[in-house]
Amino acid sequence: MKTLTNPDHFTFTNHFGGPHFNKSLLKTRIEMMNKPHKTWKTVGKYFLFVPVLFIVFSFSKPYLIANNQTKYLIQTDDAIEWVITPKITMKDLTKIQEAIEAHGGTFEVTSYQLDPLQLYVQRMETRQSTEKSAGSSHYGNPYSLRPIMGDFLKLDLKTNKIIHYIRKSPLADLQKVVLEDRAEAEKAYNENALEYELREKQIQIGTFWENIQYLTVTSFPENQSPFFRVLLGKSTSVWKDRLSGAEILKEALKHPSAITRVNRHPIANEDLAQLDPKTIKDAFIFDIYDEKKDYAKKTYVLVHTNL
């Protein structure tokens, strides 16, 4: 074996700047070589992680039952929640019934009545039950034609009990549905306020009316106003249009002992005299005989304003 000890037999190649080693530069180079490289594949994994999180959180939120297709019902993993509003239809109620029965409960609509103009729900009754709870709900006033109020209910799938919301707030999506439906129903009621008011008087007192006067600042439409049919067959009716508010107020004040209402609110005759005539739209004055009190005569003055 031949041992070479002469340095002339060895050749060193230095790529770090000159004939001598630069230890600092060499150290930096080694660290760079040992450092793991990021690839587009690695970066892509981070971008994929974001939509995965989005999907996970989306499915953890409440969702509308796809095959139910009704805005009045929301189901989560833990509960079925639904609302009753004055605009809910029998089709919507059937969807609620199907969802509850799919989880072993029962839901039955025992009464469903729309207002005389078929614009909203006036009265309704339901029964709902599970193995651990049962109850019934009644909506609307038999002596009023106003829209029913909203109601929130929940079937807790963990306890198998149906509850009404009292303290805990219902889901925001369902609250929005109730507010929108209530506003739409109230608008319909206010647009036909006079007809509803007259029909309520028929329900509350009776149909024996006379000495009827309808006074308005507007012109009568070519087609009969909807509330005219309420008074079909009534005698001694007087209809006057294109009057001034002052003329209507003067006629209304001729009945100091009458039951007087302004925009459905009771008011004393002396307070009626202080009403601004410029705000008056119309007045309805009539005598009615109370069927529930031996046909005692009552005079009503119903005034409506723009306020």
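In strand 5 of this predicted model, Ala 134 is the bridge partner of Ser 129. That pair belongs to the contact between strand 4 and strand 5 (residues 134-139), two antiparallel strands joined by six bridges. Gln 128 stands opposite Gly 135 in strand 5. The chain passes from strand 4 to strand 5 through a hairpin of four residues.

Strand 4 (residues 121-129) also pairs with strand 3 (residues 106-114), again in the antiparallel sense, over eight bridges. Within that pairing, Val 109 faces Thr 126 of strand 4. Six residues lie between strand 3 and strand 4 in their hairpin, and Gln 118 in the turn has a positive phi of about 60°.

**Strand pairings**

The table sets out the antiparallel pairings for which bridges are counted, each with a pair of opposite residues.

| Strands | Bridges | Opposite residues |
|---|---|---|
| Strand 3 and strand 4 | eight bridges | Val 109 and Thr 126 |
| Strand 4 and strand 5 | six bridges | Gln 128 and Gly 135 |
| Strand 2 and strand 6 | six bridges | Trp 82 and Leu 153 |
| Strand 8 and strand 12 | six bridges | Tyr 214 and Phe 284 |
| Strand 12 and strand 13 | 10 bridges | Asp 287 and Thr 299 |

**The four-stranded sheet and its helices**

Strands 1, 2, 6 and 7 form an open sheet in the order 1-2-6-7, with antiparallel pairing. Its edges are strand 1 and strand 7 (161-164), each of which pairs on one side only. On average, and with direction ignored, neighbouring strands of this sheet are turned by 15° against each other. Helix 3 (residues 90-101) packs on the sheet, where it touches strand 1, strand 2 and strand 6; the direction of helix 3 makes about 160° with that of strand 2.

Helix 4 lies across strand 1, strand 2 and strand 6 as well, and runs at about 10° to strand 2. This helix, residues 172-191, contains 20 residues and reaches 29 Å from its first C-alpha to its last, close to the 28 Å expected at 1.5 Å a residue. Its buried residues are Leu 174, Val 177, Val 178, Asp 181, Arg 182, Ala 185, Glu 186, Ala 188 and Tyr 189. Why do these buried residues line one face of helix 4? Seen down the axis of helix 4, they fall within an arc of 155°, so they line one face of the helix. In general, an α-helix has 3.6 residues a turn, so residues three or four places apart point the same way.

The buried residues of helix 4 pack against strand 1 (73-75), strand 2 (79-84), strand 6 (151-156) and helix 5 (193-204). The face turned away from the buried side carries exposed residues, namely Ala 172, Asp 173, Lys 176, Leu 179, Lys 187, Asn 190 and Glu 191.

**Helix 5 and its surroundings**

Helix 5 has 12 residues and reaches 16 Å from its first C-alpha to its last, close to the 16 Å expected at 1.5 Å a residue. Helix 5 is mostly covered, with nine of its 12 residues buried. The buried residues are Ala 193, Leu 194, Glu 195, Tyr 196, Glu 197, Leu 198, Glu 200, Lys 201 and Gln 202. What covers them includes helix 4, strand 8 (209-216), strand 10 (259-262), strand 12 (280-290) and strand 13 (296-305). Gly 206, whose phi is positive and near 145°, follows helix 5.

Two of the covering elements, strand 8 and strand 12, run antiparallel and are joined by six bridges. Strand 12 is itself mostly covered, with nine of its 11 residues buried. Strand 12 also pairs with strand 13 in the antiparallel sense. Strand 12 and strand 13 form a hairpin with five residues between them, and Asp 294 in the turn has a positive phi of about 55°.

**The protein as a whole**

The protein has seven helices and 13 strands. Of its 307 residues, 36% count as buried. The protein exposes about 20,100 Å², of which carbon and sulfur atoms supply 55%. Among contacts between residues at least 6 apart in sequence, 61% join residues at least 24 apart.

Conventions:
Residues numbered from 1 in each chain as written. Predicted model: local features only at pLDDT ≥ 70, side-chain atom pairs only at ≥ 80, totals over all residues. Heavy atoms only, no water. Expected span 1.5 Å × (residues − 1). Buried < 20%, exposed > 50% of the residue type's maximum accessible area, 1.4 Å probe, protein only. Arc of directions from axis to C-beta. Contact = heavy atoms within 4.5 Å. Pairing = 2+ DSSP bridges. Areas by Shrake-Rupley, 256 points an atom, 1.4 Å probe, with all protein chains shown as cover. Axes fitted to C-alpha atoms, helices over the stretch in contact; angles between N-to-C directions.
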